[in-house]
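Let's take a walk through this fold, one neighbourhood at a time. Keep the viewer open and turn the model as you read.

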Amino acid sequence: TISQAQTALQNVGLTLEIIEQRVDPTLGAGQIISQDPGGTQQVPPGTTVKVIVSAGAGQVIVPNVTGQQEAAATQLLQNTPFKFTVTRTEEPSATVAKGQVIRTDPAVDVPINSGSAITLVVSSGPLPIDMPNVKGLAEADAKKALEAVGLKYSIEYVDVAAGNANIGKVIAQDTAAATKVDPTKTVVLTVGRVVDPATTVPQPP
């Protein structure tokens, strides 16, 4: 290190001058890369030994890879000038698509040494939703129940006779209750609808 070199030179009547600090990924900051005169040369007392000192691996700014596919982000971070050691972890997200980067740790725009370790937090997609049991509910109540848990729905109507207990109610749901559902799925509900006598086509005689 610089302090050790200064002490060693002072002990033999020499002085030290730092003429350059240079990025060097193989030596820690403050370590000596080279010296002039060399270590084996004979020099008179009072000679100044000029040294080039390592500035470490050199700092780089963590780039913004949020929203990129994991493979592309990993390649960028591993390439020059970053040369990061990349590890990954997954986290559910309702806003970032599965396989895309949510964030990095350290975060974007943070200065760190080239070659440092960095973690990619990758989306595992949205958390699945428990399908509620809406069979037998009135259509409006069934819609509210699905909306409350964030599920989309479509309605298919089936004609039933006047006076049928299923008029305006959910007769069937295409996804069983308590099933884990992808929140992007559209749940199909079958709802009873009374046959309008005015629109009934009579049978031919």
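A handy place to begin is the residue Gly-150, which comes after helix 3 and has a positive phi, near 85 degrees. Bear in mind throughout that this is a predicted model.

Step back from that glycine into helix 3 itself, residues 139–148, where Glu-139, Ala-142 and Leu-146 are buried. These three cover an arc of only 65 degrees around the axis, so they sit on the same side of helix 3. What do the buried residues of helix 3 pack against? Their partners are strand 10 (152–160), strand 11 (170–173) and strand 13 (186–194). Turn the helix over, and the face pointing away from the buried side shows you Lys-144 and Ala-148, both exposed.

Now jump to the start of the chain, where helix 1 (residues 2–11) lies across strand 1, strand 2 and strand 3. Its direction makes an angle of about 155 degrees with strand 1. Buried residues in helix 1 are Ile-2, Ala-5 and Leu-9. Look down the axis of helix 1 and you'll see them fall within an arc of 65 degrees, which means they line one face of the helix. That buried set packs against strand 1, strand 2 and strand 3. On the other side of helix 1 you'll find Gln-4, Gln-10 and Asn-11, which are exposed. Here, too, a glycine turns up after the helix: just past helix 1, Gly-13 has a positive phi of about 80 degrees.

The strands under helix 1 deserve their own look. They make an open sheet of three strands, ordered 1-3-2, with mixed pairing. Strand 1 (15–22) and strand 2 (32–36) are at the edges; each has a single partner strand, so one side of each has no neighbour in the sheet. From one strand to the next, the twist averages 25 degrees. Strand 2 pairs with strand 3 in the antiparallel sense, over four bridges, and if you want one spot to check, Gln-35 has Val-51 in strand 3 as its bridge partner.

While you're on strand 3 (residues 48–54), look at Ser-54, which belongs to it. Is Ser-54 buried or exposed? Its relative accessibility is 1%, so Ser-54 counts as buried. Leaving aside residues up to four places away in sequence, Ser-54 touches Arg-22, Asp-24, Leu-27, Gly-28, Ala-29, Gly-30, Gln-31 and Ile-33.

Further along the chain there's another open sheet of three strands, in the order 5-8-6, again described as mixed in its pairing. The edges belong to strand 5 (85–91) and strand 6 (101–105), each of which pairs on one side only. Ignoring direction, neighbouring strands of this sheet are turned by 25 degrees against each other on average. Strand 6 and strand 8 (residues 117–123) run antiparallel and are joined by four bridges; Asp-105 stands opposite Thr-119 in strand 8. Helix 2 (residues 70–78) lies across strand 5, strand 6 and strand 8, at about 170 degrees to strand 8.

What fills the inside of this part? The largest nonpolar core has 13 residues, and those with the most contacts inside it are Val-65, Leu-77, Phe-84, Val-86, Ile-118 and Leu-120. Helix 2 and strand 8 each supply at least two residues of this core, and strand 8 gives the most, with three residues. Zoom in on Val-65: not counting residues up to four places away in sequence, Val-65 touches Ala-73, Leu-76, Leu-77, Val-101, Thr-104 and Leu-120. Apart from this core lies another, of 11 residues, including Ile-129, Met-131, Val-134 and Val-170.

One last stop takes you back to Phe-84. How many aromatic pairs does a search of the whole structure find? It finds one. The partners are Phe-82 and Phe-84, with ring centres 5.6 Å apart and planes at 35 degrees, so the pair counts as tilted. Both residues are inside: Phe-82 counts as buried because its relative accessibility is 12%, and Phe-84 is buried with a relative accessible area of 3%.

Key. Residues are numbered from 1 along each chain as its sequence is written. This is a predicted model: local features need pLDDT of at least 70, side-chain atom pairs count only at pLDDT 80 or more; totals for chains, interfaces and linings use all residues. Side-chain values use heavy atoms; hydrogens and water are left out. Rings of Phe, Tyr and Trp (its six-membered ring) pair if their centres lie within 6.5 Å; planes under 30 degrees apart count as stacked, over 60 as edge-to-face and the rest as tilted. Buried means under 20% relative accessible area, exposed over 50%, partly exposed in between (1.4 Å probe, protein chains only). Contact means heavy atoms within 4.5 Å. The arc is that of the directions from the helix axis to the C-beta atoms. Two strands pair if DSSP finds at least two bridges between them. Axes are lines fitted to C-alpha atoms, for helices over the stretch in contact, and angles run from 0 to 180 degrees between N-to-C directions. A nonpolar core is a set of buried Ala, Val, Leu, Ile, Met, Phe, Trp, Tyr and Cys residues joined through side-chain atoms within 4.5 Å.
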